[in-house]
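Dear colleague,

Please find below the structure I am handing over to you. My notes on what was found in it follow directly after.

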Amino acid sequence: MKKKLAFFILNAFLLVLTLPKRLLARSKDVAEIKPRKILLIRLDYIGDVVMTSPAFSFLQSRFPESNISLLTNSVAKELYKNDANIDKIWVYNWPWRFQRSDNGFNKAKVKQLFQVIRTLRKERFDLVVDPRGDSRFLFLFGALIGAKTKIGNSRTGNCGLLDFMSQYDTEKHEIERSFDVLRCFKNPPVTLRPYVSIPDEELDRAKALTQKLAGRVGHPKVALIAPFSSKDVKSWPLDYFKDVIAHLLTQKYLVIVVGTKDDAKDALLLTDLFSKNVYSLAGKTSILELAALTSVSQLVVGVDTGVLHIAACFSTPIVAIFGPTRSCEYRPYSKYAVVADSQSCVCDQFTHQTCDVLTNGYARCMTQALPSLVIRRIDEITIQQLKAL
């Protein structure tokens, strides 16, 4: 409620502020613009950046003569620094309030923010695209940098800054919503599949690493486990993952647990329960190395986290465990992905920041997605693979 009120006040202020310009300005046909410089904003989590990737290739094909920049976080920069569709990446790590390591605004963050705004202002962007539809970003990185044309969606309301605004449809997937922002232009792409750009040498290293862990030459059968999310509310009990890993071992998988440095201790608590064929790489891989591992794996199992969205860029089978977030909006966007969801969440899934009903420290809806459900989804994938042979 506080967040909605804050956006209402911000949007009201911006509507009043922009009223004279909107009354005096001539209507603009966004479809006819020919931008020399384009800035695409995606400052949230890595999964959200990946889900925006179809927009990168569309903008490049629609405006081949334009210089296309991406404003994103430092992790996403590493993932897309080799992308031929993006000419330059600018970095600002927005301090999201509900991250597991809360890094709210401080003096240094505010100083860095205004440095980024000053730098972007010098670039003189003709078009700013905000697929998230965030009034704060449109004001800070659209209006304040002097962008001529700004497009986004109605997620946080009509702030009066947009030259084109798509409707934020809660029944659509985030990839589809992100691309709706670009439907003011012509020639939409045939596919909305996300992608990441991984150098061949990274893929070779990932294959070599799995061979080393397996102790043999030749590509082993690898299952990647992603138990951790940036938001605690999405966590699934480690004891449940233990049962899933035990099942995977009966299916002759080499099991690799992944995560960040902050997850390393919990990852070891999980892998130490097994004597062989289960390893932790939490905190030991770069984002590109992690992406390469999802590409060479035969299965990825995890909670609603960026690892699964990266895996959706490939033909890797995925089992995604959902509870507090709506799978219709945020499931891995891949025909190779299946969802394990207890469908028992009683909290507000549209904010999904905290849980009102906890069981042993976990969101109750996550504890009600039992290991047997996830194992059943894994077995369904195995049956499909056998039929495909």
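Asn153 has Ser166 as its bridge partner in strand E6. Please bear in mind that this is a predicted model. The strand pair behind this contact is E5, covering residues 149-153, and E6; the two run parallel and are joined by three bridges.

Both strands belong to an open sheet of six strands, whose order is E3-E2-E1-E4-E5-E6 and whose pairing is parallel. At the edges of this sheet stand strand E3 (88-91) and strand E6 (164-166); each has a single partner strand, so one side of each is left without a neighbour in the sheet. From one strand to the next, the twist averages 15 degrees.

As general background, the strands of a sheet pair through backbone hydrogen bonds, in either a parallel or an antiparallel manner.

A further open sheet of six strands, again with parallel pairing, follows the order E9-E8-E7-E10-E11-E12. Its edge strands are E9 (278-280) and E12 (337-341), each of which pairs on one side only. In this sheet, neighbouring strands are turned against each other by 20 degrees on average, with direction ignored. Within the sheet, strand E7 (residues 222-226) and strand E10 (residues 299-303) run parallel and are joined by four bridges. One residue pair to look for here is Leu224 with Val300, its bridge partner in E10.

Finally, the surface deserves a mention. Lys107, Lys111, Arg118 and Lys122 form a positive surface patch. Of these residues, Arg118 lies in helix H4, which spans residues 107-123.

With kind regards

Terms used. Residues numbered from 1 in each chain as written. Predicted model: local features only at pLDDT ≥ 70, side-chain atom pairs only at ≥ 80, totals over all residues. Heavy atoms only, no water. Patch = residues over 30% accessible without salt bridge, like charges linked within 9 Å, V, L, I, M, F, W, Y side chains within 5 Å. Areas by Shrake-Rupley, 256 points an atom, 1.4 Å probe, with all protein chains shown as cover. Salt bridge = Lys/Arg side-chain N within 4 Å of Asp/Glu carboxyl O. Lys, Arg positive; Asp, Glu negative; His and termini not counted. Charge placed at Lys NZ, Arg CZ, Asp CG, Glu CD. Pairing = 2+ DSSP bridges. Axes fitted to C-alpha atoms, helices over the stretch in contact; angles between N-to-C directions.
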